[in-house]
Amino acid sequence: MNYNWNWHIFFEPNPTGAGTYLDMLVSGLLLTIKTALLAWIIALIFGTIIGILRSLPSKTASWVGFGYVEFFRNMPLLVQLFLWFFVLPELLPRAAGLWMKQLPNAPFWTAAIGVGLFMSARVAVQLAAGIASLPRGQKQAATALGLTTAQGYRYVLLPMAFRIIMPPLTSEFLNTVKNTSVAITIGLIELTGQARAMQEFSFQVFEAFTAATVMYLAINIIVVTGMRFLERSLAIPGYITGK
Amino acid sequence: MIEISHVNKWYGPTFQVLKDCTTSVAKGEVVVVCGPSGSGKSTLIKCVNALEPFQEGQIILDGIKVNDPKTDLPKLRARVGMVFQHFELFPHLRIIENLCLAQEKVLGRSHGEAVAKGEKLLERVGLTVQANKYPAELSGGQQQRVAIARALAMDPIAMLFDEPTSALDPEMISEVLDVMVDLAHEGMTMMVVTHEMGFASKVANRVIFMDRGEIVEDALKTDFFGSPRSERAQKFLSKILSH
């Protein structure tokens with residue numbers, strides 16, 4: 001193989017005229033972080049609501065939860081992003097569709113919301129499993145004390161369920177970060193996008209993607225460490241996850 | 001205080017767990033409910049504070065109809081203490097927090113007021129030292145005493161016990177029964193599902209014997225232990241008193 005390694009490429013100016021190739025990658029990294037964080041917040045909020053619906057005794061509530069989860073988890077993420085980005089504006093009334101297409105940063109919002117909703121289905125399933133894993137008596141004890149259903153969830157069921165699902169939630173957070181790379185297909189120039197751009201401008205494909213890999217790794221090490229720390233600080237003395 | 005009349009309950013379309021149950025508990029009375037497993041005694045006691053719904057009949061608690069859709073159930077439940085077989089303390093809360101949660105969220109007491117009340121009750125059940133521990137750090141007997149204190153913190157008009165000593169090691173049973181005997185002597189209205197015939201003969205006013213969803217015998221304590229009328233009760237007694 002005839003390949004000219006050039007690790008100095010990162011410090012050479014990039015053709016856009018704004019800084020070096022490294023600056024390009026860092027701006028992609030920041031966009032990836034921003035997209036992933038917003039997506040994760042959306043995933044947690046919607047996942048929690050749907051997870052709760054799935055655990056309620058009401059038939060209607062569990063049907064709504066079921067429909068939501070199956071809709072978002074049975075379609076490839078790529079197809080979902082295309083759907084939100086290309087198809088939805090066409091389906092809406094003309095004025096609304098036009099407004100959507102002209103939104104500033106449309107790829108960013110679409111990616112964050114699209115990835116967020118996709119991940120929320122997974123959070124929902126895990127939360128519902130976490131709630132189901134609690135002894136039935138916990139809900140009864142809360143109810144018997146006069147707590148309303150909402151209070152029972154807020155003060156008794158959710159604090160325990162979230163502690164139990166902390167390890168799989170960490171994986172979902174990591175998946176959220178990695179899934180933002182799919183947004184390159186709707187024109188979001190995040191980390192993967194910038195790495196590809198760098199490769200196209202400089203032909204240093206290995207350096208570009210090595211750097212991108214290292215950056216993804218760095219984000220995810222921070223996520224894992226943070227979640228571990230959170231898990232430990234929430235551990236209950238004497239309980240399984242505690243010491 | 002508690003009026004149960006002609007209560008019928010089915011699980012699914014055909015399986016009847018309660019058959020025309022009628023009985024009552026007067027103010028200050030201690031009623032023990034016993035019977036073989038699967039006889040419906042836990043189900044009956046859980047109908048009293050509407051933890052379990054029932055299809056026919058009615059239960060009136062301190063003048064309020066439990067199975068009336070207009071009844072504010074959380075408010076009604078807050079006035080009746082319930083103690084469960086598996087304690088059902090909230091594992092993520094310290095002992096004192098377990099005692100305060102419903103006082104604050106349901107009764108609207110201030111934190112200071114709730115803590116003062118909680119500490120007084122912990123002293124009463126001999127667990128002052130454990131106030132800042134978590135449930136998993138306590139023995140079963142201690143946990144059940146906390147559970148009783150948690151119910152008492154709501155200043156209940158009556159207490160329901162669902163097999164409070166069945167999950168305990170033998171050496172811990174008496175510490176829980178002692179607390180219950182004290183309560184009975186103070187004039188608390190109590191409905192107790194238990195196999196502890198020693199407790200029944202010491203403090204009960206009446207004994208209800210259930211079998212296959214029916215109240216087979218509802219008699220004064222002396223009559224029940226002296227000369228049970230039904231053959232089923234005789235058999236049951238001879239079995240559990242033979243050792």
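Hi everyone. Let me start with a definition: a salt bridge here is a side-chain nitrogen of Lys or Arg within 4 Å of a carboxyl oxygen of Asp or Glu. Keep that in mind as we look at this model, which is a predicted one.

So, how many salt bridges does that rule find across the interface of chain A and chain B? Zero. What the rule for polar contacts does find across this interface is five residue pairs, both partners at pLDDT 80 or more.

Let's look at who supplies the chain A side. Helix H6, residues 136-144, and helix H7, residues 149-164, each bring at least two residues to the side of chain A that touches chain B. H6(A) gives the largest share, with eight residues. By type, that side of chain A splits into 13 nonpolar residues, eight polar and two charged.

As for extent, 23 residues of chain A contact 24 residues of chain B. The buried area between the two chains is about 2,000 Å², and carbon and sulfur atoms account for 69% of it.

Now, over to helix H2 of chain A, residues 59-73. Its 15 residues reach 21 Å from the first C-alpha to the last, close to the 21 Å expected at 1.5 Å a residue. At the start of H2(A), a side-chain oxygen of Ser58(A) comes to within 3.3 Å of the backbone nitrogen of Thr60(A).

Which residues of H2(A) are buried? They are Ala61(A), Gly65(A), Tyr68(A), Val69(A), Glu70(A) and Phe72(A). Their cover includes three helices of chain A: H1 (21-55), H3 (77-91) and H5 (106-132).

Thanks for listening, and I'm happy to take questions!

Note on methods. Residues are numbered from 1 along each chain as its sequence is written. Chains are lettered from A and ligands numbered from 1 in the order in which they are written. This is a predicted model: local features need pLDDT of at least 70, side-chain atom pairs count only at pLDDT 80 or more; totals for chains, interfaces and linings use all residues. Side-chain values use heavy atoms; hydrogens and water are left out. Contact means heavy atoms within 4.5 Å. Buried area is the accessible area (1.4 Å probe) that two parts lose on being put together, summed over both. A polar contact is a pair of N or O atoms within 3.5 Å; within protein, one must be able to donate a hydrogen and the other to accept it, and residues adjacent in sequence count only if both atoms are side-chain atoms. Helices (H or I, at least four residues) and strands (E, at least two) are DSSP runs, numbered from the N terminus. Ala, Val, Leu, Ile, Met, Phe, Trp, Tyr, Cys and Pro count as nonpolar, Asp, Glu, Lys and Arg as charged, and the others, Gly among them, as polar. The expected span of a helix is 1.5 Å times one less than its number of residues. Buried means under 20% relative accessible area, exposed over 50%, partly exposed in between (1.4 Å probe, protein chains only).
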